[in-house]
Amino acid sequence: MKNITFLISFLFIGLSAKASESIIHRAYNDAFIFIENGVEFAVYPNGEFDFYYNPDFRSSSVINISTPNMNISYNSGYNYDAYVQYDDYGAVIQIESVPIYYDYYGRIIRAGNVFIDYNRRGHIARVGGLYIHYNRFNRITNYTGFINHYNSSYVYRPWHRYYSRPRSSVSIVFGKPYRAYYQPNRVTYVQHVSYYNNYYTKNVHQNFYRPNQKRVSYNKGRTTSGKRDLRKIRNKEAEFASRGNSRRSNIKAQRSNVAKSRENITRSKRNTSIRARENNVRSYRGTANRTAVKNNRTRSKTEARKVGRESRNTAINRRSNSRKVNASGRNSRTVKSTPTRRSSSATKASSARESRTTTRRAGNRNSNTRAVKSSNNKRSSARTSNSSSRGRSSARNVDRR
């Protein structure tokens with residue numbers, strides 16, 4: 001029984017440890033970690049911070065590094081002097097192109113475009129758009145919102161365990177407003193690189209003032225006549241917010257315009273395709289109707305022709321049948337009257353033939369007589385003419401003699 005309870009308690013402890021580890025990996029633990037323009041910051045609740053610079057952060061999210069060790073972060077001892085600008089108190093005021101601003105007590109209030117606020121008790125209350133809530137014992141209870149669109153949630157990375165707070169001997173967070181009348185000088189990264197290559201490498205050991213130390217002379221900053229106006233930094237936040245909103249609105253407008261143009265293109269394509277389909281359907285229907293009408297017409301014509309042929313055939317058959325009937329009747333009638341008709345017709349024909357032959361004979365006889373008479377007349381006239389001529393010639397001959 002004891003062994004069973006021991007096993008159950010061991011499993012419960014293991015599950016609770018895994019759950020706590022997963023919660024730590026999913027949520028912000030002791031520092032609020034975010035990436036800003038190639039620099040990963042780890043800001044602690046009292047205003048101190050650590051950072052890790054990696055140019056790959058700008059292009060894509062880095063999942064792991066090749067040689068993780070204790071010296072990757074600034075507070076762990078890694079030398080970032082080639083990328084970092086300092087002020088007279090040893091505070092990092094710029095990392096490459098990322099400016100860093102502090103309040104009067106040396107707490108970070110801005111890292112690039114991420115602004116940071118604190119509550120009355122001096123603990124961090126807001127990082128960008130992420131709000132931190134505490135209980136009465138100054139312990140974090142929950143979070144609301146997110147830092148920015150590029151850091152919407154915490155993503156655990158193996159090197160996050162190497163971030164640490166700065167040592168007390170080099171910490172710039174102090175209980176007195178030692179930076180209220182101090183304004184550091186920032187230069188461009190190109191100027192910083194030329195300064196670093198020409199001057200800083202020769203003077204590696206730099207001496208910085210401590211917050212509780214009396215000022216002697218400033219080399220990297222100046223003294224202001226009045227307190228620095230931190231509201232300008234807040235106004236910059238509003239300006240950045242308005243710029244971001246305008247950029248987002250422009251991006252949204254561009255996206256909406258692109259979406260509208262795409263919708264218009266798709267609509268026009270759909271309309272053209274629908275119209276083409278309708279035209280095809282109409283043409284198909286028209287051709288189908290035309291072919292159907294033609295087929296109906298041809299069918300009706302063929303049917304009419306068939307009907308006409310059938311009617312004609314029936315009429316012909318009827319006529320032929322009636323003719324056959326009539327012919328059969330006529331044949332019966334002719335059979336009965338043939339001997340009488342034939343005898344009468346024969347007699348009539350014989351009489352007509354005889355009359356025709358007699359007339360022909362009479363005509364021939366008349367013509368023969370007429371021809372004989374005419375020939376006789378001609379002969380007599382010829383003879384008379386010859387005799388007369390002969391008499392004349394004989395008279396002529398007599399006279400000549």
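**View 1. Strands E6 and E7 pair in the antiparallel sense.**
In this predicted model, strand E6 covers residues 98-102 and strand E7 covers residues 108-111. Three bridges hold the pairing. Tyr-102 has Ile-108 of E7 as its bridge partner. Strands of a sheet pair through backbone hydrogen bonds.

**View 2. An open sheet of eight strands contains E6 and E7.**
The strand order is E4-E5-E6-E7-E8-E9-E10-E11, and the pairing is antiparallel. Strand E4 (84-86) lies at one edge and strand E11 (140-145) at the other. Each of these two pairs on one side only. Neighbouring strands are turned by 20° against each other on average, direction ignored.

**View 3. Three strands make up an open antiparallel sheet.**
The order here is E1-E2-E3. Strand E1 (32-36) and strand E3 (49-53) are the edge strands, each pairing on one side only. From one strand to the next, the twist averages 20°. Strand E2 (residues 39-43) runs antiparallel to E3, and five bridges join them. Phe-41 stands opposite Phe-51 in E3.

**View 4. Ring pairs link eight named aromatic residues into a cluster, Phe-41 and Phe-51 among them.**
The other members are Phe-34, Phe-49, Tyr-74, Tyr-78, Tyr-80 and Tyr-102. Tyr-102 is also the residue whose bridge partner in E7 is Ile-108. Across the model, the count of aromatic pairs comes to 20.

**View 5. Tyr-89 and Tyr-178 form an edge-to-face pair.**
Their ring centres are 5.0 Å apart. The planes meet at 70°, so the pair counts as edge-to-face, for which the angle must be over 60 degrees. Tyr-89 lies in the loop between E4 and strand E5 (92-95). Tyr-178 lies in the loop between E11 and E12. The pair therefore ties together parts that are 89 residues apart in sequence. Both Tyr-89 and Tyr-178 are buried.

**View 6. Arg-179 is a buried arginine in a loop.**
The loop in question runs between E11 and strand E12 (182-184). Relative accessibility of Arg-179 is 2%, so the residue counts as buried, the cut-off being under 20%. Neighbours within four places in sequence are left aside in the contacts that follow. Arg-179 touches Asp-87, Tyr-89 and Ala-91. Contacts with Tyr-102, Asp-103, Tyr-104 and Gly-106 also appear. Pro-184 and Arg-228 are further contacts of Arg-179. Two of these residues feature in earlier views: Tyr-89 in the edge-to-face pair and Tyr-102 in the aromatic cluster.

**View 7. Two arginines sit over tyrosine rings.**
Arg-107 lies over the face of Tyr-118, at 4.4 Å from the ring centre. For Arg-186, the charged end sits over the ring of Tyr-101, 4.1 Å from its centre. Tyr-101 falls within strand E6 (residues 98-102).

**View 8. The whole chain has four helices and 13 strands.**
Of its 401 residues, 24% count as buried. Consider contacts with a separation of 6 or more: residues 24 or more positions apart account for 61% of them. The chain exposes about 29,300 Å². Carbon and sulfur atoms supply 51% of that area.

Conventions: Residues are numbered from 1 along each chain as its sequence is written. This is a predicted model: local features need pLDDT of at least 70, side-chain atom pairs count only at pLDDT 80 or more; totals for chains, interfaces and linings use all residues. Side-chain values use heavy atoms; hydrogens and water are left out. Two strands pair if DSSP finds at least two bridges between them. Axes are lines fitted to C-alpha atoms, for helices over the stretch in contact, and angles run from 0 to 180 degrees between N-to-C directions. Buried means under 20% relative accessible area, exposed over 50%, partly exposed in between (1.4 Å probe, protein chains only). Contact means heavy atoms within 4.5 Å. Accessible areas come from the Shrake-Rupley method with a 1.4 Å probe; for residues, only the protein chains shown count as cover. Rings of Phe, Tyr and Trp (its six-membered ring) pair if their centres lie within 6.5 Å; planes under 30 degrees apart count as stacked, over 60 as edge-to-face and the rest as tilted. A charge sits over a ring if NZ of Lys or CZ of Arg is within 6 Å of the ring centre and within 35 degrees of the ring normal.
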